[in-house]
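Hello,

Here is the structure I promised to pass on to you. Have a look at it first, and then read my notes below.

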Amino acid sequence: MRSVWFFRLTRWGVFGLGAALAAWGVAAMFEGWDKIQIERGWSLFIAGAVALSGGVVTVAIAAALSRLDHALATFSLQAPRVDAPAPAPVISQPAPAPEIEPPETAPPTAMAPPPGFEAYAPKRYVEAEPVEVDRYENGGALYVMFSDGSVEIRGEGRVRRFASLSELRAQVNA
(Lines give C-alpha, C1' and ligand atoms only; values in the text may rest on other atoms or scores of the structure.)
Protein backbone atom coordinates (compact mmCIF):
# COMPACT_ATOMS: atom_id res chain seq x y z
CA MET A 1 0.00 0.00 0.00
CA ARG A 2 1.15 3.51 -0.71
CA SER A 3 2.72 5.21 2.27
CA VAL A 4 0.86 8.16 3.77
CA TRP A 5 3.66 10.72 3.53
CA PHE A 6 4.10 10.09 -0.19
CA PHE A 7 0.38 10.52 -0.83
CA ARG A 8 0.29 13.79 1.12
CA LEU A 9 3.41 15.02 -0.67
CA THR A 10 1.78 14.22 -3.99
CA ARG A 11 -1.41 16.05 -2.98
CA TRP A 12 0.49 19.18 -1.96
CA GLY A 13 2.70 18.91 -5.04
CA VAL A 14 -0.33 18.91 -7.33
CA PHE A 15 -1.77 21.86 -5.43
CA GLY A 16 1.54 23.78 -5.69
CA LEU A 17 1.89 23.11 -9.40
CA GLY A 18 -1.71 24.19 -10.01
CA ALA A 19 -1.24 27.40 -8.02
CA ALA A 20 2.03 28.16 -9.82
CA LEU A 21 0.42 27.53 -13.22
CA ALA A 22 -2.48 29.84 -12.33
CA ALA A 23 -0.07 32.54 -11.10
CA TRP A 24 2.04 32.29 -14.26
CA GLY A 25 -1.13 32.51 -16.31
CA VAL A 26 -2.15 35.74 -14.59
CA ALA A 27 1.36 37.13 -15.06
CA ALA A 28 1.35 36.24 -18.77
CA MET A 29 -2.05 37.86 -19.23
CA PHE A 30 -0.80 41.01 -17.46
CA GLU A 31 2.36 41.07 -19.59
CA GLY A 32 0.42 40.53 -22.84
CA TRP A 33 -2.10 43.26 -22.07
CA ASP A 34 0.44 46.02 -22.76
CA LYS A 35 1.42 44.49 -26.12
CA ILE A 36 -2.08 43.61 -27.27
CA GLN A 37 -1.78 45.81 -30.38
CA ILE A 38 0.90 43.47 -31.65
CA GLU A 39 0.17 39.84 -32.52
CA ARG A 40 2.59 38.68 -29.83
CA GLY A 41 0.49 40.43 -27.19
CA TRP A 42 -2.62 38.52 -28.21
CA SER A 43 -0.70 35.26 -28.18
CA LEU A 44 0.70 35.96 -24.73
CA PHE A 45 -2.70 37.00 -23.38
CA ILE A 46 -4.44 33.87 -24.75
CA ALA A 47 -1.64 31.60 -23.50
CA GLY A 48 -1.98 33.21 -20.08
CA ALA A 49 -5.73 32.60 -20.05
CA VAL A 50 -5.16 28.94 -20.95
CA ALA A 51 -2.51 28.60 -18.23
CA LEU A 52 -4.82 30.24 -15.68
CA SER A 53 -7.70 27.90 -16.47
CA GLY A 54 -5.36 24.88 -16.43
CA GLY A 55 -4.05 25.97 -13.04
CA VAL A 56 -7.57 26.31 -11.64
CA VAL A 57 -8.45 22.80 -12.88
CA THR A 58 -5.25 21.42 -11.35
CA VAL A 59 -6.05 23.05 -8.00
CA ALA A 60 -9.52 21.45 -8.18
CA ILE A 61 -7.87 18.07 -8.76
CA ALA A 62 -5.71 18.70 -5.68
CA ALA A 63 -8.86 19.46 -3.67
CA ALA A 64 -10.37 16.16 -4.85
CA LEU A 65 -7.17 14.36 -3.80
CA SER A 66 -7.44 16.00 -0.39
CA ARG A 67 -11.02 14.74 0.02
CA LEU A 68 -9.92 11.29 -1.06
CA ASP A 69 -7.10 11.39 1.51
CA HIS A 70 -9.56 12.29 4.27
CA ALA A 71 -11.97 9.56 3.17
CA LEU A 72 -9.21 6.95 3.14
CA ALA A 73 -8.03 8.04 6.58
CA THR A 74 -11.58 7.88 7.95
CA PHE A 75 -12.31 4.43 6.59
CA SER A 76 -8.94 2.97 7.55
CA LEU A 77 -9.45 3.91 11.22
CA GLN A 78 -12.80 2.16 11.40
CA ALA A 79 -11.81 -1.48 11.79
CA PRO A 80 -14.60 -3.98 12.33
CA ARG A 81 -15.12 -4.79 16.02
CA VAL A 82 -15.42 -8.35 17.15
CA ASP A 83 -17.08 -8.30 20.59
CA ALA A 84 -19.13 -11.47 20.58
CA PRO A 85 -19.68 -14.20 18.06
CA ALA A 86 -22.67 -13.70 15.85
CA PRO A 87 -25.67 -15.88 16.70
CA ALA A 88 -26.26 -18.81 14.44
CA PRO A 89 -28.95 -18.13 11.86
CA VAL A 90 -32.29 -19.82 12.40
CA ILE A 91 -33.39 -21.79 9.38
CA SER A 92 -37.07 -22.46 9.05
CA GLN A 93 -38.99 -24.14 6.29
CA PRO A 94 -41.28 -21.74 4.43
CA ALA A 95 -44.91 -22.68 4.10
CA PRO A 96 -45.76 -24.10 0.67
CA ALA A 97 -47.37 -21.54 -1.57
CA PRO A 98 -50.93 -22.32 -2.65
CA GLU A 99 -51.30 -23.04 -6.33
CA ILE A 100 -53.05 -20.23 -8.11
CA GLU A 101 -54.47 -20.75 -11.55
CA PRO A 102 -53.90 -17.89 -13.96
CA PRO A 103 -57.10 -16.10 -14.95
CA GLU A 104 -58.46 -16.96 -18.35
CA THR A 105 -57.95 -14.01 -20.61
CA ALA A 106 -58.10 -13.51 -24.31
CA PRO A 107 -54.79 -13.25 -26.14
CA PRO A 108 -53.54 -9.69 -26.48
CA THR A 109 -54.87 -7.96 -29.56
CA ALA A 110 -54.37 -4.56 -31.05
CA MET A 111 -56.65 -2.08 -29.39
CA ALA A 112 -58.34 0.79 -31.10
CA PRO A 113 -57.02 4.16 -29.97
CA PRO A 114 -59.25 6.09 -27.60
CA PRO A 115 -61.30 8.98 -28.91
CA GLY A 116 -59.29 12.15 -29.28
CA PHE A 117 -56.08 10.13 -29.65
CA GLU A 118 -54.82 12.28 -32.50
CA ALA A 119 -54.67 15.39 -30.34
CA TYR A 120 -52.25 13.86 -27.81
CA ALA A 121 -50.39 11.23 -29.81
CA PRO A 122 -46.94 11.82 -31.25
CA LYS A 123 -47.11 12.73 -34.89
CA ARG A 124 -45.53 9.44 -36.02
CA TYR A 125 -48.64 7.54 -34.83
CA VAL A 126 -51.13 9.76 -36.53
CA GLU A 127 -51.62 8.98 -40.20
CA ALA A 128 -51.65 12.16 -42.21
CA GLU A 129 -51.26 13.13 -45.80
CA PRO A 130 -47.64 12.78 -46.91
CA VAL A 131 -45.78 16.03 -47.20
CA GLU A 132 -43.65 16.91 -50.20
CA VAL A 133 -40.00 16.64 -49.21
CA ASP A 134 -38.08 17.22 -52.43
CA ARG A 135 -38.63 17.72 -56.13
CA TYR A 136 -36.39 17.81 -59.15
CA GLU A 137 -36.70 17.69 -62.91
CA ASN A 138 -34.87 15.26 -65.16
CA GLY A 139 -35.51 14.33 -68.77
CA GLY A 140 -38.68 16.40 -69.06
CA ALA A 141 -40.31 14.70 -66.06
CA LEU A 142 -40.85 16.17 -62.61
CA TYR A 143 -39.96 13.81 -59.73
CA VAL A 144 -41.66 14.60 -56.43
CA MET A 145 -40.63 12.77 -53.22
CA PHE A 146 -42.94 12.59 -50.20
CA SER A 147 -42.39 12.13 -46.47
CA ASP A 148 -43.79 8.60 -46.47
CA GLY A 149 -41.13 7.49 -48.97
CA SER A 150 -43.36 7.50 -52.02
CA VAL A 151 -42.30 9.04 -55.32
CA GLU A 152 -44.51 10.67 -57.94
CA ILE A 153 -43.52 11.26 -61.56
CA ARG A 154 -45.33 14.06 -63.39
CA GLY A 155 -44.79 14.44 -67.08
CA GLU A 156 -46.35 14.26 -70.54
CA GLY A 157 -49.84 14.92 -69.19
CA ARG A 158 -49.91 11.99 -66.75
CA VAL A 159 -48.98 11.30 -63.13
CA ARG A 160 -47.54 7.99 -61.88
CA ARG A 161 -47.06 7.27 -58.19
CA PHE A 162 -44.72 4.63 -56.71
CA ALA A 163 -44.76 3.47 -53.09
CA SER A 164 -40.97 3.73 -52.77
CA LEU A 165 -37.85 4.65 -54.65
CA SER A 166 -36.89 0.99 -54.95
CA GLU A 167 -40.26 0.24 -56.63
CA LEU A 168 -39.55 3.06 -59.11
CA ARG A 169 -36.08 1.65 -59.84
CA ALA A 170 -37.52 -1.84 -60.34
CA GLN A 171 -40.08 -0.44 -62.80
CA VAL A 172 -37.42 1.47 -64.73
CA ASN A 173 -35.03 -1.50 -64.86
CA ALA A 174 -37.76 -3.93 -66.00
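Let me begin with S150, which sits in the loop that links β2 (141-146) to β3 (151-155). Please keep in mind that this is a predicted model.

Is S150 buried or exposed? Its relative accessibility is 4%, and buried means under 20%, so S150 counts as buried. The side chain of S150 makes a polar contact of 2.9 Å with the side chain of R161. R161 also appears among the residues that S150 touches once those up to four places away in sequence are set aside; the others are V144, M145, F162, A163 and S164.

Next comes helix α2, which covers residues 39-77 and includes G41. G41 has a relative accessibility of 0%, so this residue is buried as well. Which residues does G41 contact, leaving aside its neighbours within four places in sequence? They are G32, K35 and I36. You may also like to look at A28: 13 residues separate A28 from G41 in sequence, and their C-alpha atoms are 9.4 Å apart in space.

W42 is found in helix α2 too. With a relative accessible area of 43%, W42 is partly exposed, whereas G41 is buried. On the surface, W42 joins I46 and V50 in a nonpolar patch, and together the three have about 320 Å² of accessible area.

I hope these notes help you find your way around. Do write back if you would like to talk any of them through.

Best wishes

Technical notes. Residues numbered from 1 in each chain as written. Predicted model: local features only at pLDDT ≥ 70, side-chain atom pairs only at ≥ 80, totals over all residues. Heavy atoms only, no water. Helix = DSSP H or I, 4+ residues; strand = E, 2+ residues; numbered from the N terminus. Buried < 20%, exposed > 50% of the residue type's maximum accessible area, 1.4 Å probe, protein only. Contact = heavy atoms within 4.5 Å. Patch = residues over 30% accessible without salt bridge, like charges linked within 9 Å, V, L, I, M, F, W, Y side chains within 5 Å. Areas by Shrake-Rupley, 256 points an atom, 1.4 Å probe, with all protein chains shown as cover. Salt bridge = Lys/Arg side-chain N within 4 Å of Asp/Glu carboxyl O. Polar contact = N/O pair within 3.5 Å; in protein donor to acceptor, adjacent residues only side chain to side chain.
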